[in-house]
Amino acid sequence: MSGIVSRYEALVASGELRADPEQAAAAERLERLQRELEAAVPQRGLLGKLLNRKPPPPRGVYLWGGVGRGKSMLMDLFHESLQIRRKRRVHFHAFMLEVHALLREERKKEAGDPILPVAAALGEQLRVLAFDEMVVNNSADAMIMSRLFTSLIVDHGVTIVTTSNRAPDQLYKDGLNREHFLPFIALIERELDVLTLNGPVDYRLQRLGGMATWHMPLGEAATEQVREVFFRLTDYSPEDIDHVPSTELDLGGGRTLFVPKALKGVAVFSFKRLCGEARGAADYLAIAKHYHTVILVGIPKMGPDQRNEATRFVTLIDALYEYKVKLFVAADAAPEDLYQQGDGRFEFDRTISRLQEMQSADYLALGHGEE
């Protein structure tokens with residue numbers, strides 16, 4: 001399999017990407033890391049046990065920049081072309097949900113600090129851990145990240161590669177008890193090469209070619225428009241529509257949500273699935289944290305007998321707005337005509353305002369999770 005640089009250059013030559021100096025520099029750095037990882041022999045077995053730690057891993061990469069700058073694309077190329085067995089690419093939120101579940105199990109053992117055995121278990125499985133969209137939004141994650149990642153890198157030789165919309169010193173900005181998070185920022189700056197991919201071109205939005213975000217009325221034309229959005233944002237071939245991957249989103253507490261189409265941070269849901277079933281704010285926040293773009297289809301006009309659906313829709317939009325999720329819609333009416341009368345109609349005005357703002361160029365230019 002060819003290296004990252006040659007694959008990137010092939011995409012430029014074919015016209016799928018435009019030549020971009022920052023992207024090219026990031027591709028070169030990631031290819032150098034790829035070669036270091038493939039050349040290194042992991043120190044395992046008796047010697048590794050005697051030393052009680054793995055050798056220092058190749059230096060990782062923290063790639064940050066605005067939305068649509070090609071960070072996820074470069075991460076795809078890196079992970080796909082990396083020829084080692086113990087590698088993993090995972091969305092940062094999904095990884096932290098997994099870590100918290102492992103910590104809960106360790107705490108049941110009442111055997112001291114649960115972070116170290118969790119790091120050891122992860123380190124045994126991995127040489128490279130690649131994250132997409134690192135963003136820290138809660139104190140629970142912030143409190144454990146420094147110790148967890150220090151152990152992964154220093155004690156277990158795991159190389160970290162991550163993308164983010166924010167510079168390291170802007171992570172968890174103004175967050176509760178942020179002083180406990182500062183060692184993690186220092187760890188990033190000490191152990192990872194911080195690369196900026198923050199030029200003015202938003203390739204993700206360019207791919208949309210000015211397509212509208214709100215499509216109505218419901219019908220084949222609206223469906224075709226949002227389907228086109230999905231393919232442009234994910235680079236998935238329209239001919240393979242029947243093979244778009246689905247997934248189960250972890251909602252916490254042993255609950256999951258079936259996502260019928262999900263790829264590269266873009267998810268497709270039906271209104272009936274999200275608002276026609278009994279769901280609360282926690283479910284919608286899980287969606288908003290996990291996906292940078294949501295395509296919502298089948299939104300009907302709602303009357304007084306659908307006040308529960310309207311209330312859930314309000315909560316859903318609040319969550320997506322809070323995390324600056326891009327929203328593309330197939331609906332039966334414009335926002336102001338979706339729910340004209342019924343309980344909660346006054347509160348629905350705020351949702352109308354947010355839906356209108358979410359169609360603006362300024363909103364679409366914001367990064368996922370960005371204030």
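Begin by selecting strand β1, residues 60-64, together with strand β4 in this predicted model; the two strands run parallel and are joined by four bridges. If you then show the side chains of the pair, you will find Y62 standing opposite T162 in β4.

Keep β4 selected and add strand β3, residues 128-132, which also runs parallel to β4 and is joined to it by four bridges. Here V128 is the residue to pick out, as it stands opposite T159 in β4. Next, add helix α7, residues 139-155, and follow the chain from β3 through this helix to β4, since these three elements make a right-handed β-α-β unit.

Now look at β4 by itself, residues 159-164, and ask how many of its six residues are buried. Six of the six are, so the strand is largely enclosed by the rest of the structure. In a regular strand the side chains alternate between the two faces of the sheet. In β4 both faces are covered, with T159, V161 and T163 buried on one side and I160, T162 and S164 buried on the other.

Move next to the open sheet of five strands, which has the order β6-β12-β11-β10-β9 and mixed pairing. At its edges stand β6 (214-215) and β9 (261-263), each of which has a single partner strand, so one side of each is left without a neighbour in the sheet. Select β9 with strand β10, residues 266-270, to see an antiparallel pair joined by three bridges, in which K261 stands opposite V268 in β10.

Finally, select helix α13, residues 307-322, which lies across β11 (293-299) and β12 (326-331) and runs at about 160° to β11.

Methods:
Residues numbered from 1 in each chain as written. Predicted model: local features only at pLDDT ≥ 70, side-chain atom pairs only at ≥ 80, totals over all residues. Heavy atoms only, no water. Buried < 20%, exposed > 50% of the residue type's maximum accessible area, 1.4 Å probe, protein only. Pairing = 2+ DSSP bridges. Right-handed = clockwise from strand over helix to strand, strands pointing away. Contact = heavy atoms within 4.5 Å. Axes fitted to C-alpha atoms, helices over the stretch in contact; angles between N-to-C directions.
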